[in-house]
Amino acid sequence: MTCHAGEIIGVVGDSGCGKSTFGDTLLGLLAPTKGEIKPLLQNARPHQWLKLFQDPPSSLSSHVTLQTLLDDLVKLHKLDTDKIAPLMQKLNLAPSLLQRTARDVSGGELQRFSILRALLLEPVFLFADEPTSRLDPFIAKEITELLIDLAREQQCALLIVSHDLTLIEKCCDIVIQLE
């Protein structure tokens, strides 16, 4: 399989069939049991190969404000702060949200904040592991479509895992069905 910049690959299948293992292997978090993974983008920095988790509350500290989490990311990676406001607007995130903690915002807002943090790093490859599994179907569809649109805009290859075959078939360039 080859994945190109801006390409959206959907992975569907039953629970336990290896969807997350597949994505983790592509990211280099797990060693392949057969074959090899050859990243074609040798000039990409390690933080540009990212995983977007399905449970933002457990992947973000709830003891500090979202602004502090964002400031830490900007400082650590020397990011351009001018990109934050336009991306927040595209993600429909109010600036006042940054003054709250992860436990004080809705699941949809927290997932959009997680997408904001990921996209600010200008990823070349983003593995979204069931990023909307804890959201109601309407919000899940909205966030999935938004993530796909922004990945295409940034020319980020996106591997998205979902149980919603209809949505994946509608939105993705390539669909991989694992059994």
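**Exercise 1. Work out which strands α1 lies across, and how the sheet beneath is ordered.**

Start with the helix: α1 lies across β1, β2, β3, β4 and β5, and runs at about 160° to β3. Helices here are DSSP runs of H or I with at least four residues, strands are runs of E with at least two, and both are numbered from the N terminus. Contact means heavy atoms within 4.5 Å. Angles run from 0 to 180 degrees between N-to-C directions, with axes fitted as lines to C-alpha atoms, for helices over the stretch in contact.

A quick word on the source: this is a predicted model, where local features need pLDDT of at least 70 and side-chain atom pairs count only at pLDDT 80 or more, while totals for chains, interfaces and linings use all residues. Residues are numbered from 1 along each chain as its sequence is written, and side-chain values use heavy atoms, leaving out hydrogens and water.

Next, the sheet: it is open, has five strands in the order β2-β3-β4-β1-β5, and the pairing is parallel. Its edge strands are β2 and β5, each pairing on one side only. On average, neighbouring strands are turned by 15° against each other, direction ignored. Finally, α6 packs on this sheet too, touching β1, β2, β3 and β4, and its direction makes about 160° with that of β4.

**Exercise 2. Find the partners of β1 and say whether its residues are buried or exposed.**

Step one, partners: β1 pairs in the parallel sense with β4 (residues 157–161) over four bridges, and with β5 (residues 174–178) over five. Two strands pair if DSSP finds at least two bridges between them. For landmarks, V11 stands opposite V161 in β4, and I9 faces I174 in β5.

Step two, burial: six of the six residues of β1 (8–13) are buried. Buried means under 20% relative accessible area, exposed over 50% and partly exposed in between, using a 1.4 Å probe and protein chains only. I8, G10 and V12 point one way, and I9, V11 and G13 the other.

**Exercise 3. Trace the salt bridges around K51.**

First, the pair: K51 bridges to D129, with the closest N and O atoms 3.8 Å apart. A salt bridge puts a side-chain nitrogen of Lys or Arg within 4 Å of a carboxyl oxygen of Asp or Glu. K51 sits in strand β2 and D129 in strand β3, 78 residues apart. Both are buried.

Then widen the view: D24, K51 and D129 are linked in a network of salt bridges. The structure holds eight salt bridges; one of them joins E153 and K90 at 2.2 Å, N to O. That pair connects helix α6 to helix α4 (residues 84–90). K90 counts as partly exposed because its relative accessible area is 42%.

**Exercise 4. Which side chain of opposite charge is nearest to E130, and what does E130 touch?**

Locate E130 first: it is in the loop between β3 (125–129) and α6 (137–153). E130 is buried yet has no salt bridge, and the nearest side chain of opposite charge, K19, is 4.4 Å away. For charge, Lys and Arg count as positive, Asp and Glu as negative, and His and the chain ends are not counted. Leaving out residues up to four places away in sequence, E130 touches K19, Q54, V161, S162 and H163.
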